[in-house]
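Reader: Could you walk me through a few of the labels used for this chain? I'd like to see how each one is reached.

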Amino acid sequence: MPPVTLYFISRARSVQAEQRHLTEYAQWTIERTQKTMQDATAALKDIDRQGFHDCSSAHIAAMRFDVMSHRTVGEMGFYQGDHLACTSWGIVDTTIARRPTNYFTTDGIGIHMHVRPKVSHGNFAVGLEYGDHNVMVDPAFMVDVLVDNEMSLALANGKGQVISTLNNPDPELLHQALVQTGPGESHELIYSSYRTPDWIAVAMEKHSYAENDFKRERNVLLPLGMLLGVLIVVAVFLALRRRLSPLAELEIAVRKREFIAHYQPIVELNTGRCVGAEALARWKRPDGSMIAPNMFIPLAEQSGLICAITDIIMERVVEDMRELLQTDTGCHVSINLCARDAETGRPLPFLLSLLQTNGIEPDRIWLETTERVFIHPDMARNSLTQARSSGHTIAVDDFGTGYSSLSVLHSLPLDVLKIDKSFVDAIGSDSASGRVIPHIIEMANELHLMIVAEGVEREEQAQYLRERGVACGQGWLFGKPVDPQTFIEYFRTNAQANKDTPQTTVV
């Protein structure tokens, strides 16, 4: 094949590849928009089902709760007749007329374009209306997609009216892309658009971005031919892997079971004896690199993938610690449950089956949940009671940072209270957190809860906690989270060093 022909084929292929890439981003943008709309619609339908029509304090509290429960909703309001009567902020004391909707979606949700909230005076938003309630959604949520440096996005409704943009797309080319669905190009830019009955998304970037791909492909195709064509396929695959959205990468990681457990020791403060560890999820990429949990746990919780990750971690714990948990009654491993799992009890049968198959007693596994279960204590109470009756110790993690109330804390079947690191950090200071920690300890003692202090990094913190009767500590003073074999070696060395020390009953 003549070199000139290869040259033009390479260029055309690079442009087409970038246009397909842009089409994928347009599809992801609409998927993101649909999830945003589903979340906001769920908030509207939830408040509508509750049947409030009076702007009572209960009505306003319910609207406020829905706003807090749905991350895409910034504000919720209620219309009485032709005017706005109250919002999640409270009673509206000025006359704000009810505007007619600009249009309706295919599932019957009224849409208001470019609305300025009259009560909170926030930025322009998209208004959604169902029945007599409406919500305000920041349009930035709809194009909240991780894009390449030179890429811009736009989202329009099915009529071609632009709702939100990212990175300032070219106006003329955007108009052209909204009229004609699919890929296209101008002298400086290439683009592609994707359409559904309710939405049109457009992604565009500079030609120079495709030219860079073209130069790489040309330099490979011309001198090396088909032999290096195989390497091109590999390179393109790796490039596409890097360019997936964070959610798509996380979904692949779940399918390929790329999650492992690291173990941070939990130590008796009086004796120095290691009594167990907390299993902490880590994402280990195929290249060996580690992704920190704060980079993927929030996305996993938002998308619902956290349940699958929890199941993987349970399997990892049983695989990693089987021998230690079978033979040594002085060691436990704590596994974290998300609020949804703690409320529904979803993973309990799976965990029980794992333990029975591997000959591990349930009391070797502690289950930790956060204060978010305090939002729906009645739901959590049933599943936590079931877990406790199976033999598991139940701990509330990061205590003091969320939704705690003494009455709810007392009503739940809890055994262990873990003090959040932020309070331990404040030990010895005159800050509000430093003054609160004695009250947390006193409250836990009154409720007969064992206390574990997290984030212990200095001996003076350990001494402070020890003097106030705190049973156990966890933090860098005793050990960082480590791989399974390192923890097992640490535990056995610690046990040998403390073999003559009387063992304290932990729970």
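Reader: In which hand does helix 7 pass helix 9, left-handed or right-handed?

Author: Helix 7 passes helix 9 in a right-handed crossing: the near helix is turned clockwise from the far one by less than a right angle, whereas anticlockwise would be left-handed. This is a predicted model, where local features need pLDDT of at least 70 and side-chain atom pairs count only at pLDDT 80 or more, while totals for chains, interfaces and linings use all residues. Residues are numbered from 1 along each chain as its sequence is written, and side-chain values use heavy atoms, without hydrogens or water.

Reader: What makes helix 7 roughly parallel to helix 9?

Author: Helix 7 (residues 306-327) and helix 9 (residues 348-357) pack at about 15 degrees, with axes 10 Å apart. Angles under 35 degrees count as roughly parallel, so helix 7 is roughly parallel to helix 9.

Reader: Which residues make that contact?

Author: With contact meaning heavy atoms within 4.5 Å, helix 7 brings Asp-311, Met-314, Glu-315 and Val-318, and helix 9 brings Phe-350, Leu-351, Leu-354 and Leu-355. They divide into six nonpolar, no polar and two charged.

Reader: Why is His-114 called partly exposed?

Author: Buried means under 20% relative accessible area and exposed over 50%, with partly exposed in between (1.4 Å probe, protein chains only). His-114 has 43%, so it counts as partly exposed. His-114 sits in strand 5 (residues 110-115), and its phi is positive, near 50 degrees.

Reader: How do you know that Asn-167 is partly exposed?

Author: Its relative accessible area is 43%, so Asn-167 is partly exposed too. Asn-167 lies in the loop between strand 9 (162-166) and helix 3 (171-179).

Methods: Axes fitted to C-alpha atoms, helices over the stretch in contact; angles between N-to-C directions. Helix = DSSP H or I, 4+ residues; strand = E, 2+ residues; numbered from the N terminus. Parallel < 35°, antiparallel > 145°, perpendicular 65-115°, else oblique. Nonpolar A, V, L, I, M, F, W, Y, C, P; charged D, E, K, R; others polar.
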